[in-house]
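Here are my notes on the model you sent. They are set out as numbered points, to be read alongside the structure.

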Amino acid sequence: MLIRIDDIKEGGTVLDVTESAEEFPALAEMIASGDLAFAAPIHVRLKIFRVREVVEVEGGIETTMRFVCGACLAEFDASMASSFAVTFVRELPQVFDESGEEVQLSADEMGMIPFQGDEIDLREAVAEQVVISQPIRPLCREACKGLCPQCGADRNESDCGCVRPVMNSKFAALKDFRVDEKKK
Ligand SMILES: [Zn+2]
Ligand SMILES: [Zn+2]
């Protein structure tokens, strides 16, 4: 996923590749630590434009990920797609001297990623996009009933028949809130 700056065509170059998540160092780390799991490689389709020393990249990624349901703890696979755009700007030579840090900062402030040399490695930007597209609390289905708090049975599979504790009238409002939440 290295783009040679000089190879970018006028009118844009299309990059259409499918790579295993392990090929992305940041993702490989998260896979190794158990924070992310993939059920398919990552399909990356990007269009790359260049205007002088500024390179615009836009497009999307698609993959299938393996999640653990936040309610019933079952593993499930779900497809994930995300569109994004990033701008790379060539780091100015001054960046290496004392006042140079400001140059890099201003690129960051404008939402641009500085690059050096003749190539841009898109792995980091793609990996970041995968990470920020993760659901905060993945659910195996919209109305997952979760596990029974008493016996631990998966309430999607069977009604374990556990009697729910009787609510103290003091908590009646709380009980109503829970009923509302379940309807979603
Ligand atoms: Zn679930
Ligand atoms: Zn139960």
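**Notes on the zinc sites, the core and one strand residue**

1. Cys148 counts as buried, at 6% relative accessibility. The model is a predicted one, and the remarks below should be read with that in mind.

2. Cys148 is one of the protein donors of the zinc ion (ligand 2); the others are Cys151, Cys160 and Cys162. Each binds through its SG atom, and the distances to the zinc run from 2.2 to 2.3 Å. Cys148 and Cys162 both sit in the loop between α3 and α4 (172-183), 14 residues apart. Cys162 has a relative accessible area of 32% and is therefore partly exposed, whereas Cys148 is buried.

3. The geometry of the zinc ion (ligand 2) is tetrahedral, with angles of 107 to 112 degrees among the four donor atoms. Along the chain, the donors follow the spacing C-x2-C-x8-C-x1-C.

4. The zinc ion (ligand 1) also has cysteine SG donors: Cys69, Cys72, Cys140 and Cys144, lying 2.3 Å from the ion. This site is tetrahedral as well, its angles falling at 107 to 113 degrees.

5. In sequence, the donor residues of the zinc ion (ligand 1) are spaced C-x2-C-x67-C-x3-C. Because Cys72 lies in the loop between β4 and β5 and Cys140 in the loop between α3 and α4, this pair ties together parts that are 68 residues apart in sequence. Cys72 is buried at 6% relative accessibility, while Cys140, at 22%, is partly exposed.

6. Turning to the interior, the largest nonpolar core has 35 residues. Leu27, Ile42, Val55, Phe88 and Leu122 have the most contacts inside it. Strands β3 (42-51), β4 and β5 (75-90) and helix α3 (123-132) each supply at least two residues of this core.

7. What does Leu122 touch, leaving aside residues up to four places away in sequence? Its partners on that count are Met1, Ile3, Leu15, Leu46, Ile48, Val57 and Phe88. Phe88 also appears among the core residues with the most contacts.

8. Thr63 belongs to strand β4 (residues 54-68). Is Thr63 buried or exposed? With a relative accessible area of 5%, Thr63 is buried. The Thr63 side chain reaches the backbone oxygen of Ala40 at 3.1 Å.

9. Apart from residues up to four places away in sequence, Thr63 touches Phe38, Ala40, Pro41, Ile42, Ala78, Ser79 and Met80. Ala40 thus figures both in this contact list and as the residue whose backbone oxygen the Thr63 side chain reaches. Ile42, another neighbour of Thr63, is one of the core residues with the most contacts.

Note on methods: Residues numbered from 1 in each chain as written. Chains lettered and ligands numbered in written order. Predicted model: local features only at pLDDT ≥ 70, side-chain atom pairs only at ≥ 80, totals over all residues. Heavy atoms only, no water. Helix = DSSP H or I, 4+ residues; strand = E, 2+ residues; numbered from the N terminus. Buried < 20%, exposed > 50% of the residue type's maximum accessible area, 1.4 Å probe, protein only. Polar contact = N/O pair within 3.5 Å; in protein donor to acceptor, adjacent residues only side chain to side chain. Contact = heavy atoms within 4.5 Å. Core = buried A, V, L, I, M, F, W, Y, C linked by side-chain atoms within 4.5 Å. Donors = N, O, S within 2.8 Å, 3.2 Å for Na, K, Ca; no water. Tetrahedral: all angles 85-135°; square planar, octahedral: opposite > 155°, others 65-115°.
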